[in-house]
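Dear colleague,

I am passing on the structure we spoke about, and it is placed just below so that you can open it beside this message. After it I have set out what was found, going from a single residue to the sheet, the cores and the rings.

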Amino acid sequence: MPPSTPRDATGMTEALAHFEAEGYTGQMAARDGAAVMCFSCRAESPAREVSLQGMIRTEGASDPADMTAVAALICPSCEAKGTVVLHFGPGATLEESEVLRALEDDRGETGITASEPARQ
């Protein structure tokens, strides 16, 4: 089941803690060619094949210039649940921008940066 997502204006530490509490304890990173590396199995997978389960944009939460998104992902190779921090806007690396564009939202919603209120 996809994690519930707090509203925007959450800090990065809070976003990471939220996803960790939901079981997303692994770590992932953006790599060249719109790929995501899973640090659990060390596999690099095309971002289109990585399951995006949730995303929290953190820009403005602590610093208006801090444009980041914390994404909850599932590795297609080992099925590890983890997070990746991706910058966007002028401070983003090419790798981060490519991954952000290539991720497909598996929650069935329109747009990967949409947040939804926590469901109780």
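To begin with one residue: is I56 buried or exposed? I56 counts as buried because its relative accessibility is 0%, where buried means under 20% relative accessible area, exposed means over 50%, and partly exposed lies in between, with a 1.4 Å probe and protein chains only. I56 has its place in strand 4, and its C-alpha atom is separated by 6.5 Å from that of A15, although the two are 41 residues apart along the chain.

Before the rest, a word on the basis of these values. This is a predicted model, in which local features need pLDDT of at least 70 and side-chain atom pairs count only at pLDDT 80 or more, while totals for chains, interfaces and linings use all residues. Residues are numbered from 1 along each chain as its sequence is written, and side-chain values use heavy atoms, with hydrogens and water left out.

The overall layout

The chain contains two helices and seven strands, taken as DSSP runs (H or I of at least four residues for helices, E of at least two for strands) and numbered from the N terminus. Followed along the sequence, these elements give the pattern α-β-β-β-β-β-β-α-β. Of the 120 residues of the chain, 43% count as buried. The chain exposes about 6200 Å², of which carbon and sulfur atoms supply 48%; these areas come from the Shrake-Rupley method with a 1.4 Å probe, and for residues only the protein chains shown count as cover. Among contacts (heavy atoms within 4.5 Å) with a separation of 6 or more, 56% join residues that are 24 or more positions apart.

The sheet

The seven strands form an open sheet in the order 3-2-1-6-5-4-7, with mixed pairing, where two strands pair if DSSP finds at least two bridges between them. Its edge strands are strand 3 (44–46) and strand 7, each of which pairs on one side only. Strand 1 and strand 2 pair in the antiparallel sense over four bridges, and one of the partnerships is that of A30 with V36 in strand 2. The hairpin of these two strands has three residues between them, and G33 takes a positive phi near 75 degrees there. Strand 1 also pairs with strand 6, in the parallel sense and over two bridges; G26 has G82 of strand 6 as its bridge partner, and Q27 stands opposite T83 in strand 6. Strand 5 and strand 6, by contrast, pair in the antiparallel sense over seven bridges, and A69 has L86 of strand 6 as its bridge partner. Their hairpin has six residues between the strands, and E79 in the turn has a positive phi of about 65 degrees.

The cores

A nonpolar core is here a set of buried Ala, Val, Leu, Ile, Met, Phe, Trp, Tyr and Cys residues joined through side-chain atoms within 4.5 Å. The largest one has 21 residues, and those with the most contacts inside it are M28, V36, M55, L73, L86, V99 and L103. At least two residues of this core come from each of strand 1 (26–31), strand 2 (35–38), strand 4 (51–57), strand 5 (68–74), strand 6 (81–87) and helix 2 (94–102). Another core, of six residues, lies apart from it and has A15, F19, V70 and A72 among its members.

V36, found in strand 2, counts as buried because its relative accessibility is 3%. Leaving out residues up to four places away in sequence, V36 touches M28, A29, A43, E44, S45, A47, V50, L73 and V99. In helix 2 the buried residues are E96, V99, L100 and A102, and their cover includes strand 1, strand 2, strand 4, strand 6 and strand 7 (104–105).

The rings

Rings of Phe, Tyr and Trp (its six-membered ring) pair if their centres lie within 6.5 Å, with planes under 30 degrees apart counted as stacked, over 60 as edge-to-face and the rest as tilted. This rule gives one aromatic pair: F19 and Y24 are edge-to-face, 6.2 Å centre to centre, with 70 degrees between the planes. Both F19 and Y24 are buried. The charged end of K81 sits over the ring of Y24, 4.8 Å from its centre, where the rule asks for NZ of Lys or CZ of Arg within 6 Å of the ring centre and within 35 degrees of the ring normal.

With best regards
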